[in-house]
Amino acid sequence: MTLAVEYQSDILVIGSGAAGLTLALHLAEKSSVILLSKGPLAEGSTFYAQGGIASVFDEDDTIESHVDDTLIAGAGLCDKAVVTYTAENAKASMQWLINCGVDFDKEETTGDQSKAPYHLTREGGHSHRRILHSADATGKAVQTTLQQRALNHPNIQVLERYNAIDLITSKKLGRPGNRVLGAYVWNRNQERVETVTAKFVALATGGSSKVYQYTSNPDIASGDGIAMAWRAGCRVANMEFNQFHPTCLYHAEAKNFLLTEALRGEGAYLRRPDGTRFMPEFDERAELAPRDVVARAIDYEMKRLGSDCVYLDISHKPADFIIKHFPTIYKRCLALGIDITKSPIPAVPAAHYTCGGVMTDLHGQTDLNGLYAVGEVAYTGLHGANRLASNSLLECLVFARAASQDIESQLQKIKMPTNVPVWDESKVSNSDEEVVIAHNWHELRLFMWDYVGIVRTDKRLERALRRCMMLQQEIQEYYSNFRVSNNLLELRNLVQVAELIIRCAMERKESRGLHYNLDYPKQLDDPQPTILQPTT
């Protein structure tokens, strides 16, 4: 019989990217923290983020301008109070990162480099240069700095290669009230289910772009936190707004490689296969238009021309400028035989960011007592119908700080959960049909791409929902009869998230931001967030 393994901590943080690490580090000063990482500690979207983090550092820029740019990109669906709160707290959050040791690029000066102002770049949708960055690998600088601090912190216990399966709640256990008590987790190293109890649980699991066939995200982006929160009774909102990054490298050997927004911010052009530019025909901001506009333009041109890709061209800029500002992209492309100082880069859109998620307040608190959601997993009201470039890592930092303060204020009032039952595997067996998971995985991602992608119709959404419900039934039956595995857990969550995306898309009878439905091409006069409420 397998030994029951149980952990206990003040706070369980599920996810090890910028949101999870920031929250853990803030809380660990006064409490014990277990940090759960689904794969290796660095294997999340944060590590691969190239562009940067938006914050007002330039004296010619203003918080009001940052707010306005965010509201414009959000296409009428942002919560202005949340946007203002984020912009106002951006600089303090960035200063915390700098104090932690993240090395952002500075302007070249002839004097003391330590006193030089930061080099601020500009990205699509921004009216000023306000993006702090570390060359074109900002996420890597943030991730490696914060994870080293977490690994060295005596109050943080890191559990690597652990999947969260489901949240444990008092309601599920038939106890009074409804509060989160911890989570059942799958130890991938030992292939067994273990139990973590905690006073508070925070979801920092990232987004769900793996639900699509083509994505810029790492493999772990399977919507786990959104699905777990939904199953625990939390509302979700705006799941129809999936941001498709306009430019991912199109190459057989370049899986998930993103071509940062900053390329266009620094003057790169989008070209058809014949070399002509097309963005000026779609938007007066041309290549600096928001991502939804650019992605739809690329999608339109590819379908119109029957081409496999378009081309992103920065070769008209000086070679030393390109190599200095985009060393990661330069090296990666060069390894594939593309010299970006001389040639354009083949590019295609790919699913990139989940703008909706688990509903929270300004402190990251969800509908379930004691459960918080921070970062891409959450719907705060910041992003609206489209995320402004470089607001994503900023959201992680600002709301992790806010959540930590809210949790700290309650920590002494909450007792540690007791008598939580361990996972029961007595009625399941090992699977001998892994092909079912592989087949369903492929089918899900393909119909989501074809029917719920950049451009949608009512008929496509109806087809997608029918297929989704069939898959859900198959997967639930499989889940009930066989022992869990990494692929089964991710597929179970992805199918749940797919249903939420489809249902939100079906409820929105207009085209706005990232949601474009050919049957409803116009915008409504009074748009509202799409909110789904669990029935159980």
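## Exercises on a predicted model

The structure shown is a predicted model. Let's start inside it.

**Exercise 1.** Find the largest nonpolar core and say which residues have the most contacts inside it.

*Solution.* Begin with the size: this core holds 76 residues. Within it, L167, L444 and M448 have the most contacts. Next, look for the main contributor: helix α15, residues 486–507, gives the largest share, 12 residues. Now zoom in on M448. Leaving aside residues up to four places away in sequence, M448 touches V211, Y212, G453, A498, I501 and I502. Finally, look for a second, separate core: it has 50 residues, among them A24, A28, I98 and A204.

**Exercise 2.** Trace the open sheet of 4 strands and identify its edges.

*Solution.* Read off the order first: β17-β15-β10-β18, with mixed pairing. The edges are β17 (378–379) and β18 (531–532), each of which pairs on one side only. Then check how β10 (residues 236–237) meets β18: the two pair in the antiparallel sense over 2 bridges. Here A237 stands opposite I531 of β18. Last, add helix α7 (residues 224–231), which packs on the sheet and touches β10, β15 (357–359) and β18. The direction of α7 makes about 40 degrees with that of β15.

**Exercise 3.** Does the radius of gyration of the chain agree with a compact globule, or disagree?

*Solution.* Take the expected value: for 536 residues, a compact globule would have a radius of gyration near 24 Å. The chain has 23 Å, so the two agree. For further description, the C-alpha trace spans about 65 × 55 × 50 Å along its principal axes, and buried residues make up 61% of the chain.

Terms used
Residues numbered from 1 in each chain as written. Predicted model: local features only at pLDDT ≥ 70, side-chain atom pairs only at ≥ 80, totals over all residues. Heavy atoms only, no water. Pairing = 2+ DSSP bridges. Contact = heavy atoms within 4.5 Å. Axes fitted to C-alpha atoms, helices over the stretch in contact; angles between N-to-C directions. Core = buried A, V, L, I, M, F, W, Y, C linked by side-chain atoms within 4.5 Å. Buried < 20%, exposed > 50% of the residue type's maximum accessible area, 1.4 Å probe, protein only. Rg over C-alpha atoms; globule rule 2.2 N^0.38 Å.
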